[in-house]
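Subject: A structure for you to explore

Hi there,

Here is the structure I promised to pass on to you. Please open it next to this email and follow along as you read.

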Amino acid sequence: MAKMILVRRTYVPRAGTGGQLAARVRAAGDAMEAAGFPKPRIFRTYSGYHGTLIVDQEWNSIEIYEASRDAVRNTKAITSIFDEIYALLETTHHTEILIGS
């Protein structure tokens with residue numbers, strides 16, 4: 001039986017770009033939902049690097065998540081926003097995949 005997973009991405013903005021990053025990450029979440037993918041939840045940190053965002057997205061299984069990767073990469077409405085996001089980051093985002101028990 002496949003288990004639910006949570007894909008967690010951490011985005012650390014370059015100094016002075018936190019507000020722009022938050023707006024672009026929200027837009028990316030809206031574009032994902034509009035394209036039929038699970039809508040991510042966005043959290044701001046209150047400790048650690050200033051302006052850091054944590055984005056969680058639930059999937060019904062690792063197999064469904066993996067199958068979605070090509071579809072996401074081929075959805076211009078999503079990738080065009082991520083092109084803007086990457087320019088705002090201190091470093092590439094960090095991804096964790098958490099498996100439900």
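The largest cavity has 13 lining residues, and those nearest its centre are Tyr-11, Met-32, Pro-40, Val-55 and Phe-82. Do keep in mind that this is a predicted model. The elements that each give two or more residues to this lining are E1, H1, E3 and H3. H1 gives the most, with four residues. By class, the lining of the largest cavity has nine nonpolar, two polar and two charged residues. The space inside is about 100 Å³. How many cavities of 30 Å³ or more does a search of the whole structure find? The answer is one.

Next come the pockets. The largest pocket has a volume of about 210 Å³. Its lining is made of 14 residues, and Arg-69, Val-72, Phe-82, Tyr-86 and His-93 lie nearest its centre. You may recognise Phe-82, which is also among the residues nearest the centre of the largest cavity. Strand E1 (5-11), helix H2 (62-73) and helix H3 (76-86) each supply at least two residues of the pocket lining. Which of the elements gives the most to it? That is H3, with five residues. Sorted by class, the lining of the largest pocket holds six nonpolar, four polar and four charged residues.

The second largest pocket has a volume of about 180 Å³. Among the residues that line it are Gly-18, Gly-19, Ala-22, Arg-44, Tyr-46, His-50, Gly-51 and Leu-53. Helix H1 (residues 18-34) provides the largest share of this lining, three residues. In this pocket the lining divides into three nonpolar, eight polar and one charged.

Now have a look at the helices, starting with H1. This helix has 17 residues and reaches 24 Å from its first C-alpha to its last, close to the 24 Å expected at 1.5 Å a residue. Its buried residues are Leu-21, Ala-22, Val-25, Ala-28, Gly-29, Ala-31 and Met-32. They pack against E1, strand E2 (41-44), E3 and H3. Met-32 turns up again as one of the residues nearest the centre of the largest cavity. After H1 comes Gly-36, with a positive phi near 95°.

Leu-21, in helix H1, is a good residue to zoom in on. Is Leu-21 buried or exposed? It is buried, because its relative accessible area is 0%, and buried means under 20%. Leaving aside residues up to four places away in sequence, Leu-21 touches Tyr-11, Pro-13, Gly-51, Leu-53, Ile-85, Leu-88 and Leu-89. Take Gly-51 as an example: Leu-21 and Gly-51 are 30 residues apart in sequence, and their C-alpha atoms are 8.5 Å apart in space.

For a contrast, find Tyr-49 in the loop between E2 and E3. Tyr-49 is exposed, because its relative accessible area is 64% and exposed means over 50%. Between Tyr-49 and Gly-18 there are 11 Å in space, C-alpha to C-alpha, and the two are 31 residues apart in sequence.

H2 has 12 residues and reaches 17 Å from its first C-alpha to its last, close to the 16 Å expected at 1.5 Å a residue. In H2 the buried residues are Tyr-65, Ser-68, Arg-69 and Val-72. These residues are on the same side of H2, because they cover an arc of only 125° around the axis. Their cover includes E1, strand E3 (53-59), H3 and strand E4 (94-99). On the face turned away from the buried side you will find the exposed residues Glu-63, Ala-67 and Asp-70.

Finally, try H3 in the same way. Which residues are buried in H3? They are Ile-78, Ile-81, Phe-82 and Ile-85. Seen down the axis, these residues fall within an arc of 105°, so they line one face of the helix. E1, H1 and H2 are included in what covers them. Lys-76 and Asp-83 are exposed on the other side of H3.

Have fun turning the model around!

Best wishes

Notes
Residues are numbered from 1 along each chain as its sequence is written. This is a predicted model: local features need pLDDT of at least 70, side-chain atom pairs count only at pLDDT 80 or more; totals for chains, interfaces and linings use all residues. Side-chain values use heavy atoms; hydrogens and water are left out. On a 1 Å grid over the protein atoms alone, a cavity is a set of points where a 1.4 Å probe fits but cannot get out, and a pocket is an open set with protein on both sides within 12 Å along at least five of seven lines; lining residues have an atom within 4 Å of a point. Grid points are joined across faces, edges and corners, and a volume is the space filled by probe spheres set on the points. Ala, Val, Leu, Ile, Met, Phe, Trp, Tyr, Cys and Pro count as nonpolar, Asp, Glu, Lys and Arg as charged, and the others, Gly among them, as polar. The expected span of a helix is 1.5 Å times one less than its number of residues. Buried means under 20% relative accessible area, exposed over 50%, partly exposed in between (1.4 Å probe, protein chains only). The arc is that of the directions from the helix axis to the C-beta atoms. Contact means heavy atoms within 4.5 Å.
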